[in-house]
Amino acid sequence: MGKLKDQLTQSEQLFGEHGYYVRDLECKARDPIRYEIFHSRLLSTLQASRETAKSISASPMVKEVGELCFALYTPEGDSVCLSTGIMVHVHTMSRCIKWMIEHGYEDEPTIRIREGDFFANNDCFIGGVHVADIMDITPIFYEDELVGWVGGVTHVLEVGGVDPGSMPSSAITRFHEGITLCAQKVAENDTLRRDYEIMIERCTRAPHFWLLDERARIAGCCLIRESVKEIIREFGLEYYRKAGRELIEEARRTFLENVKQRLVPGTYRTAWFIDLDYRDKNMPAIASRDNFTFSPLEMKVERTGRITLDYEGANRWGYHFGNCSPAAMEGGLFVTLTQFLAYDGKVNDGAWMACEMKLPHGSALNPDTIFAGVSAAWALLQPAMGAVYRLLSRGLYARGFREEILVGAPVTPAVETGGTNQYGNPFGTLISELVACGSGARGILDGIDTAYALWNPEADMGNVEAWELIIPQIFIGRRITPDSGGPGKYRGGSGFESTWLVCHSDNVLMANLGFSSVYPCPGIMGGYPSPSSYIHFARGTNVKELIEKKAPLPHWEGPDPENPLLKQLVRARDLRTGADALLFASPFSPYDLFSHFYTGAGGYGDPLGREPRRVLADLANGHTTARAARETYGIAFDPDTGQLDEARTRALRAAKRQERLNRAVPAAEFRKRERQRILDGDLHESVKEAYRSSFRLSEKFRSEFVRYWELPADFAL
């Protein structure tokens with residue numbers, strides 16, 4: 001057995017026996033100033049290297065949007081320090097390092113681990129979220145001893161899958177997803193292997209961007225590796241070893257203290273839902289169905305500060321692109337924790353060590369096959385973590401930390417495009433402005449508008465000009481979408497819409513990832529959910545004629561979503577709006593139009609409790625419509641002057657509250673009615689199948705369901 005495997009085994013045994021990473025914080029106690037300087041040197045090294053790597057890549061995904069991060073690890077693969085960026089990956093790279101150690105890379109003569117070697121991975125069942133996130137990991141040697149690892153991740157634009165882009169929309173298994181790297185050695189002596197470059201050049205539609213990303217990751221890792229050696233020379237090897245481990249233990253203890261201070265111990269419960277409609281979408285027979293995916297979530301907060309998340313009852317994985325690996329779920333939890341309880345700068349595996357996650361084997365959150373489709377794992381991961389947001393927010397509310405509440409995260413929809421670009425070359429990309437959706441509401445203020453995604457807290461939609469350089473489409477509109485955040489006393493952040501005009505190419509494919517007919521982003525404390533994303537598109541249009549006549553074009557949806565400007569201004573062979581939308585890659589030609597809507601997340605508190613001045617400000621700034629102001633928020637105002645009518649507003653709100661009471665039924669009556677629906681099987685077939693699969697996976701969940709609804713013991717949907 002190799003030395004690294006011995007170290008990993010010993011480290012895990014000691015933690016299992018004692019519950020701590022190291023017993024004492026000796027370096028911090030002996031000289032706290034030196035200890036903090038040590039940490040700041042590591043952190044600044046990671047951050048500076050990230051900024052340098054952004055300029056090397058030149059991919060809009062990295063340079064414009066900031067889809068990258070770097071992290072430093074112990075020899076056993078535990079993270080010590082993390083840069084900003086896509087912080088979801090601190091533990092996914094940790095998993096990959098541990099996987100390589102456990103599979104004997106150190107002793108395998110055809111692999112070995114040497115200075116200057118780089119191992120690339122996007123196999124999500126080894127470590128990662130989805131295939132678009134490519135990680136590079138390299139060892140750090142000092143005086144011939146492996147003293148750690150450094151890793152970097154970027155989201156690449158194109159992965160060579162069945163559809164163009166980074167998350168192939170019709171990928172229902174691993175075999176459709178494109179290139180899969182299974183902790184593969186791709187560089188030696190800090191130089192990419194030529195056979196690896198050839199594979200990328202011949203197997204992806206945008207190899208130059210993949211390889212630029214590759215060089216950015218390698219350059220960033222090299223900068224960090226050499227800087228770490230300088231830090232070791234300055235502080236000493238023994239200090240580096242001890243202080244690095246103490247940073248992990250300190251983060252673990254700090255997390256536990258934060259939990260004890262801010263959350264009430266106990267059991268919290270909720271559920272989350274999303275659907276992926278594949279029926280009648282020209283899919284293979286095994287996938288041609290509507291997938292309703294759900295899971296209960298039970299969060300236990302112990303008095304010690306330890307948190308356990310249990311997704312018992314999740315339904316089975318399916319033939320779609322949205323399944324999650326355990327690594328993806330762990331990564332999602334990590335980026336969630338950094339926004340609630342582990343955000344003091346010392347971000348590493350310490351917080352993870354204070355948590356436990358239970359993911360039912362065989363479920364969509366932990367498939368029993370490594371061949372399940374995960375190219376858009378975020379489709380499930382975001383509502384699954386949004387449920388954690390809501391539970392943490394309830395705990396914070398109970399302790400009085402209203403300012404810490406964050407209702408939830410939007411399920412960020414996406415647009416993939418590909419085909420032949422304006423230069424006559426194959427292309428494929430995710431147009432990643434989806435990073436700038438709206439956040440959930442806070443406990444004391446509205447959510448963040450057009451600048452939030454769970455997976456990248458430094459959200460930046462990027463400049464349209466950067467995208468127009470690489471795709472045969474031009475942006476003819478970008479505008480905040482009114483009412484796209486969940487209504488509430490404090491509303492969810494607004495999303496936005498973009499409209500593209502296809503040009504320069506007769507071969508363009510476009511796809512929408514994220515259309516859902518359920519509400520995956522609920523509100524809390526009486527707040528409403530945010531709407532689902534949707535699209536409009538027109539193919540075979542008269543737009544060229546309109547341009548020649550200098551007639552108006554539909555640059556945005558218009559004031560009436562039910563009668564969008566696209567319908568009013570454009571004639572087309574195939575024009576669809578809203579629910580009548582496409583999901584999978586479909587052909588577009590010059591002068592065709594495509595509009596996509598990015599949503600927000602849920603609201604906080606009763607919308608009828610929202611201050612009228614806030615509603616009127618939103619009305620003036622395009623964040624809400626006159627219809628929602630009247631019907632949802634109960635505001636009466638002069639449509640010409642925008643002035644509030646206080647007396648009519650009080651009367652309107654009183655009438656709406658009375659209307660609620662008139663519609664309301666006692667909980668016992670509601671429960672009786674719903675129980676009869678269950679007995680009658682009066683549920684959508686996709687919902688029934690989802691519950692059947694959950695029952696098959698979990699007898700515990702089935703028994704609880706039968707007991708709660710007082711159903712016969714042999715009940716079956």
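A polar contact is a pair of N or O atoms within 3.5 Å; within protein, one atom must be able to donate a hydrogen and the other to accept it. In the predicted model described here, the side chain of S586 makes such a contact, lying 3.0 Å from the backbone oxygen of F584. S586 belongs to strand β19, which covers residues 586-588. With a relative accessibility of 14%, S586 falls under the 20% limit and therefore counts as buried. Beyond the four places on either side in sequence, the residues in contact with S586 are V508, L509, M510 and R539.

A second serine, S295, is located in strand β9. Its relative accessible area is 0%, so S295 is buried. The side chain of S295 reaches the backbone oxygen of Y311 at 3.4 Å. Y311 is also one of the residues touched by S295 when those up to four places away in sequence are not counted; the others are A271, W272, A314 and L365.

Strand β9 (290-301) also takes part in the packing of helix α20, whose buried residues rest against β9, α18 (667-680) and α19 (685-697). Helix α20 spans residues 699-708, and its buried residues are F701, R702, F705 and V706. Viewed down the axis of α20, these residues fall within an arc of 130° and therefore line one face of the helix. An α-helix has 3.6 residues a turn, so residues three or four places apart point the same way. The face of α20 turned away from the buried side carries the exposed residues E699, K700 and R707. Just after α20, E710 adopts a positive phi of about 55°.

Several loop positions were also examined. N456 is placed in the loop between β13 (426-431) and α12 (464-468). Its relative accessibility is 0%, so N456 counts as buried. N456 and E67 are 389 residues apart along the chain, yet their C-alpha atoms are separated by 7.4 Å. E67 is among the residues that N456 touches, together with V65, G66, G85, I86 and V435, with residues up to four places away in sequence not counted.

A636 occupies the loop between α16 (626-631) and α17 (646-663). At 5% relative accessibility, A636 is buried. Leaving aside neighbours within four places in sequence, A636 is in contact with Q643, L644, D645, R648, T649 and L652. The C-alpha atoms of A636 and A285, 351 residues apart along the chain, are separated by 53 Å.

I370 is found in the loop between β11 (355-358) and α11 (378-399). The relative accessible area of I370 is 42%, which makes this residue partly exposed. Together with F175 and F371, I370 forms a nonpolar patch on the surface, and the three have about 320 Å² of accessible area together. P32, in helix α3 (residues 32-57), is likewise partly exposed, at 41%. P32 and Y240 are 208 residues apart in sequence and 14 Å apart in space, C-alpha to C-alpha.

Side chains of opposite charge can pair when their charged atoms come close. A search of the whole structure finds 62 salt bridges. One of them joins E250 and K28, with the closest N and O atoms 2.9 Å apart. Because E250 lies in helix α8 (residues 237-262) and K28 in helix α2 (residues 26-30), this pair ties together parts that are 222 residues apart in sequence. E250 is buried at 8% relative accessibility, whereas K28 is partly exposed at 29%.

The salt bridge between R491 and D446 has an N to O distance of 3.8 Å. R491 lies in the loop between β14 (473-480) and β15 (496-502) and D446 in the loop between β13 and α12, so the pair ties together parts that are 45 residues apart in sequence. Both R491 and D446 are buried.

The salt bridge between R194 and E197 lies within one helix: both residues belong to α6 (residues 194-203) and are three residues apart, about one turn. Their closest N and O atoms are 3.2 Å apart. R194 is partly exposed, with a relative accessible area of 45%, while E197 is buried at 11%. In addition, R114, D117, K185, E188, R193 and D195 are linked in a network of salt bridges.

Note on methods: Residues are numbered from 1 along each chain as its sequence is written. This is a predicted model: local features need pLDDT of at least 70, side-chain atom pairs count only at pLDDT 80 or more; totals for chains, interfaces and linings use all residues. Side-chain values use heavy atoms; hydrogens and water are left out. Helices (H or I, at least four residues) and strands (E, at least two) are DSSP runs, numbered from the N terminus. Buried means under 20% relative accessible area, exposed over 50%, partly exposed in between (1.4 Å probe, protein chains only). Contact means heavy atoms within 4.5 Å. The arc is that of the directions from the helix axis to the C-beta atoms. Patches are made of residues with over 30% relative accessible area and no salt bridge: like charges are joined within 9 Å, nonpolar side chains (Val, Leu, Ile, Met, Phe, Trp, Tyr) within 5 Å. Accessible areas come from the Shrake-Rupley method with a 1.4 Å probe; for residues, only the protein chains shown count as cover. A salt bridge is a side-chain nitrogen of Lys or Arg within 4 Å of a carboxyl oxygen of Asp or Glu.
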